[in-house]
Amino acid sequence: MVQADPWKNALQQLDDACAILKIEKGVRDYLAEPNKVLRVKLPVKMDNGKIRVFTGFRSQHNNDRGPYKGGIRFFDPEGGIEYMEKEVKALSAWMTWKCAVVDVPLGGGKGGIFVNAKKEKLSENELEKLTRRYAYAVSEIIGPKKDIPAPDVYTTGKEMAQIMDVYGKLSGNESEPGVITGKPLSLGGSLARNVATGLGCAYCIREAAKTIGLKLRGAKVVIQGYGNAGTFAAEYLEKMGAKIIAVSDSRGSIINPKGLDSKKVLEFKNKTGSVVGYPGSKKISTEELLTTKCDVLIPAALENQINASIAKKLQCKIIAEAANGPTMPEADPIIYNKKIIVLPDILANSGGVCISYLEWVQNNMGYYWTFDEVAEKMEHHITRGFNDTLALSKKYKIDMRRAAMVLAVTRVVEAFKAKGLWP
Ligand code: NAD
């Protein structure tokens, strides 16, 4: 099933913020469309000797606050290539807002190739050729001061290293690690990048808990999706004293009201392929997981998980959106009326982009921080992003999602106006 049009959603969110801020139409129009969307043809000679042509994109939404920043995904959404273009455009806009909310001096970009490497059984060699061809095709518009890509769905540090290599060879500057983030440590990657999203989400939850007088010690946490974001959120919340009582993955959901040991659950999942069957736990449905009575619910898997019907049955105090877009727009007013605090995706999962930013800073200065130094700087950005969002939510009497957009749009407009239009 093709999901709701992400580009329409992105525009709606912008329009809501512009209405609250009474932003003139011309500025709204300026903020809506990406500055540039590059669509590239990617011919690759496959292992069987035949040529196959792929399609790739790079959307550069806004760079008023700094170089474009955002991931590259190798993905084949059900809606096809045209749908992917809209998705990439929307995701690039969300990157602009995400960077602005946590006040990192970067703009918004996103890119990708329409491909399902696993399903189509692309060999390592074919995948590398495709990645390098993409890097060549976008090489003129990326760069450490222009546009800094990063890993996203089905791309890793390996592809980032290949893109960096192509960029270096073409630009004649092979020691330019700041062209890309999410690199392996050996090529200038940052410590704490692997834990960034989960740790940032835990910091955000800690701040939200303070505002409602919720003690994290003993607080009950439910996590949908036990992957990178979910497992590290679990680990750090557990360190803060919280109790993880239910988790899930693509094969199902489990609960143990007495608490699950986050590390042992991960070991079990790594061994068996799923959290389902973890000793001492009971299998439950997705709906039961999401509506379990708890203090904190962390959707950390897919988009569109919380619809109006689920929202009515929610029994949590805080929802922290580690995933992108897990709450459907129809659910937002219901959740707001139930006085549940939503930590929106552009804030709750911004730990990743914060550490990408810090990786870029380290690359640019050629000096590298310790894990704790990086984590502390990220904590500062997220904490401030949370407090600034909360202040606007109180000022305008709006939910945290709209407040985060209002904050982001305010910051981008401020930079745009300070620079002025030329010519
Ligand atoms: P991941 O692939 O590491 O983990 C995803 C997890 O979700 C897996 O455990 C998978 O089994 C599970 N899952 C899939 N379908 C499910 C379903 N129907 N029900 C329950 N669980 C299901 O991915 P990730 O990097 O942890 O990303 C998760 C979400 O967080 C995505 O929305 C992603 O865009 C967002 N996010 C991640 C990062 C990051 O740095 N990892 C940054 C920003 C946002």
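## Ligand shell, two sheets and two buried residues

A backbone N or O atom of Ala322 lies 3.3 Å from an oxygen atom of the ligand. Taken alone, the ligand exposes 830 Å², and the protein buries 69% of that area. The model is predicted.

### Ligand surroundings

The ligand is surrounded by 19 residues, of which the closest are Thr197, Asn228, Ala229, Ser250 and Asn324. Polar atoms of Thr197, Gly227 and Ala322 are paired with ligand oxygen atoms as tabulated here.

| Residue | Protein atom | Distance to a ligand oxygen atom |
|---|---|---|
| Thr197 | polar side-chain atom | 2.6 Å |
| Gly227 | polar backbone atom | 3.3 Å |
| Ala322 | backbone N or O atom | 3.3 Å |

Two elements, helix α7 (228–239) and strand β7 (243–249), each supply at least two residues of the shell around the ligand. Strand β7 is largely enclosed by the rest of the structure, because six of its seven residues are buried.

### The seven-strand sheet

Strand β7 belongs to an open sheet of seven strands, ordered β9-β8-β7-β6-β10-β11-β12, in which the pairing is mixed. At the edges are β9 (282–284) and β12 (341–343), each of which pairs on one side only. From one strand to the next, the twist averages 20 degrees.

Two of the pairings in this sheet can be given in detail. Strand β6 (residues 220–224) runs parallel to β7, and the two are joined by five bridges. Within that pair, Val221 has Ile244 of β7 as its bridge partner. Strand β8 (residues 252–260) and β9 are antiparallel, with three bridges between them. Here Ser253 is the bridge partner of Ile284 in β9. Helix α7 packs on the sheet and touches β6, β7, β8 and β10 (296–299), with its direction at about 170 degrees to that of β6. Helix α7 thus has two roles in this description: a contributor to the ligand shell and a packing partner of the sheet.

### The five-strand sheet

Another open sheet is formed by five strands in the order β1-β2-β4-β3-β5, again with mixed pairing. The edge positions are held by β1 (36–45) and β5 (147–151); each has a single partner strand, so one side of each lacks a neighbour in the sheet. The twist from one strand to the next averages 20 degrees.

Strand β4 has β2 and β3 as partners, in opposite senses. Six bridges join β2 and β4, which pair in the antiparallel sense, whereas β3 and β4 pair in the parallel sense over four bridges. Ile113 of β4 takes part on both sides: Gly56 stands opposite Ile113, and Phe74 also stands opposite Ile113. Strand β4 is mostly covered, with six of its seven residues buried.

Strand β3 (residues 68–75) also pairs with β5, in the parallel sense and over five bridges. In that pair, Lys69 has Ile148 of β5 as its bridge partner. Helix α3 (residues 80–101) lies across β1, β2 (51–62), β3 and β4 (108–114), and runs at about 155 degrees to β4.

### Thr327

Thr327 is located in the loop between β11 (318–320) and α11 (332–337). Is Thr327 buried or exposed? Its relative accessibility is 8%, under the 20% limit, so Thr327 counts as buried. The Thr327 side chain makes a polar contact with the side chain of Glu321, at 2.5 Å. Apart from neighbours within four places in sequence, the residues in contact with Thr327 are Ile306, Glu321, Asp332, Ile335 and Arg401. Glu321 therefore appears both in this contact list and as the polar partner of Thr327, by the 2.5 Å pair lying within the 3.5 Å cut-off for a polar contact.

### Met378

Met378 is part of helix α14 (residues 371–396). Because its relative accessibility is 0%, Met378 counts as buried. Which residues are in contact with Met378, leaving aside its neighbours within four places in sequence? They are Ala196, Leu199, Gly200, Tyr203, Gly351, Cys354, Ile355 and Leu358. Met378 and Val102 are 276 residues apart along the chain, and their C-alpha atoms are separated by 9.2 Å.

Note on methods
Residues are numbered from 1 along each chain as its sequence is written. This is a predicted model: local features need pLDDT of at least 70, side-chain atom pairs count only at pLDDT 80 or more; totals for chains, interfaces and linings use all residues. Side-chain values use heavy atoms; hydrogens and water are left out. Buried means under 20% relative accessible area, exposed over 50%, partly exposed in between (1.4 Å probe, protein chains only). A polar contact is a pair of N or O atoms within 3.5 Å; within protein, one must be able to donate a hydrogen and the other to accept it, and residues adjacent in sequence count only if both atoms are side-chain atoms. Contact means heavy atoms within 4.5 Å. Two strands pair if DSSP finds at least two bridges between them. Axes are lines fitted to C-alpha atoms, for helices over the stretch in contact, and angles run from 0 to 180 degrees between N-to-C directions. A residue is near a molecule or strand if one of its heavy atoms lies within 4 Å of it. Accessible areas come from the Shrake-Rupley method with a 1.4 Å probe; for residues, only the protein chains shown count as cover.
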